[in-house]
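Okay, thanks everyone for squeezing in. I'll put the structure up and then we'll walk around it together.

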Amino acid sequence: NQYSKEANAYIGFTPVQFQSELKEYVYQQLLQPLEAGKVYCLSFHVSKADRKEYAVHSVGAYFSNNVLSTGSIGYINAVPQVVNQSGFITDTIGWTQIQGCFTANGGEQFITIGNFNSNANTDTLYTGTNNPLPSDPQYAYYYIDDITLIDQTTVGVNELSIGSSVSVYPNPANDFTNFKFSN
């Protein structure tokens with residue numbers, strides 16, 4: 001049981017199963033392909049299912065031109081453009097933000113979220129559970145919510161030519177800062 005981060009729904013996936021290499025992924029086609037050379041920033045939130053006794057930190061997002069397949073190895077062997085940097089994701093009540101920026105190759109039309117490592121390269125942490133009805137401890141399970149992708153090249157402040165002189169006061173400032181321009 002988990003409250004959603006935003007709105008009223010979320011989706012889940014299995015990043016590791018101990019009895020096999022099979023992993024689950026969440027993917028979605030983008031409204032339009034990413035443009036080559038542009039910087040994109042991704043943010044999404046994950047929360048560990050409270051009935052699962054293991055945590056991982058290997059959660060990331062991979063952008064591709066087509067839908068990816070796990071093939072015969074049971075997982076997608078790719079290097080995600082955005083990956084969790086905050087250690088093991090153990091929170092079962094709140095949401096852990098995963099975020100990062102990358103430069104698109106161009107033509108990427110799909111986002112896939114999950115664990116892109118083999119079991120041998122996936123660090124796990126036994127966390128136990130306070131849930132009175134724990135489930136099968138042979139895998140981890142996470143929820144995903146609030147996915148945002150921003151074209152960073154369109155965000156920012158245009159430079160303003162202000163002339164030859166600017167005064168900023170008081171310095172140091174507590175509540176207000178004044179700018180005085182010579183022209």
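Let me start with a quick one while you're looking: is Gln-109 buried, partly exposed or exposed? It comes out as partly exposed, because its relative accessibility is 29%. And before anyone asks, yes, this is a predicted model, so keep that in mind throughout.

Where does Gln-109 sit? You'll find Gln-109 in the loop that joins β7 and β8. Leaving out residues up to four places away in sequence, Gln-109 touches Gln-28, Gln-29, Leu-30, Pro-33, Ser-64 and Asn-65. Take Gln-29 from that list: it is 80 residues away along the chain, yet the C-alpha atoms of Gln-109 and Gln-29 are separated by 5.7 Å.

Now let's zoom out. How many helices and how many strands does the protein have? Zero helices and twelve strands. So if you read off the elements from the N terminus, you just say β over and over: β-β-β-β-β-β-β-β-β-β-β-β. The protein has 183 residues, and 34% of them count as buried. Contacts across the sequence are a big theme here. If you take the contacts with a separation of 6 or more, 82% of them are between residues 24 or more positions apart.

Okay, the inside. The largest nonpolar core has 24 residues, and the two that touch the most other members are Phe-44 and Val-59. Which strands feed it? At least two residues each come from β1 (11–17), β3 (39–48), β4 (54–56), β5 (60–64), β7 (96–103), β8 (110–114) and β10 (139–151). The top contributor is β3, which gives four residues.

Let's stay with Phe-44 for a second. Not counting residues up to four places away in sequence, its contacts are Val-59, Gly-60, Ala-61, Thr-96, Gln-97, Ile-98, Ile-113, Ile-144, Asp-145, Asp-146 and Ile-147. There's also another core lying apart from that one, with five residues, including Tyr-75, Ile-76, Ala-78 and Phe-116.

Tyr-75 comes up again when you look at Ser-118. Ser-118 is in the loop between β8 and β9. Is Ser-118 buried or exposed? Buried, since its relative accessibility is 10%. Setting aside neighbours within four places in sequence, Ser-118 is in contact with Glu-21, Lys-23 and Tyr-75.

And one of those Phe-44 contacts, Asp-146, is a bit of an oddity in the backbone. Its phi is near 55°, which is a positive value in a residue other than glycine. Asp-146 is in strand β10, and it counts as partly exposed because its relative accessible area is 24%.

Next, aromatics. There are eleven aromatic pairs in the structure. The one I'd like you to look at is Tyr-54 with Tyr-126: ring centres 5.3 Å apart, planes at 70°, so that's edge-to-face. Tyr-54 is in β4 and Tyr-126 is in β9 (residues 124–126), so the pair ties together parts that are 72 residues apart in sequence. How accessible are the two partners? Tyr-54 is partly exposed, at 22% relative accessibility, while Tyr-126 is exposed, at 52%. Elsewhere, Tyr-10, Trp-95, Tyr-141 and Tyr-143 form one aromatic cluster.

One more tyrosine, Tyr-169. You'll find Tyr-169 in strand β11 (residues 166–169). With a relative accessible area of 41%, Tyr-169 counts as partly exposed. What does Tyr-169 touch, leaving aside neighbours within four places in sequence? Thr-177, Asn-178 and Lys-180. Lys-180 is eleven residues along the chain from Tyr-169, and their C-alpha atoms are separated by 8.4 Å.

Last stop, the largest pocket. How much space does the largest pocket hold? About 190 Å³. Eleven residues line it, and the ones nearest its centre are Asp-50, Thr-92, Thr-129, Asn-130 and Asn-131. As for the class of residue in that lining, eight are polar, two are charged and one is nonpolar.

That's my tour. Shout if you want to go back to any of it.

Definitions and conventions. Residues numbered from 1 in each chain as written. Predicted model: local features only at pLDDT ≥ 70, side-chain atom pairs only at ≥ 80, totals over all residues. Heavy atoms only, no water. Core = buried A, V, L, I, M, F, W, Y, C linked by side-chain atoms within 4.5 Å. Buried < 20%, exposed > 50% of the residue type's maximum accessible area, 1.4 Å probe, protein only. Contact = heavy atoms within 4.5 Å. Phe/Tyr/Trp six-rings, centres within 6.5 Å; stacked < 30°, edge-to-face > 60°. 1 Å grid on protein atoms, 1.4 Å probe; cavity = no way out; pocket = protein on both sides within 12 Å on 5 of 7 lines; lining within 4 Å. Points joined across faces, edges and corners; volume = space filled by probe spheres on them. Nonpolar A, V, L, I, M, F, W, Y, C, P; charged D, E, K, R; others polar.
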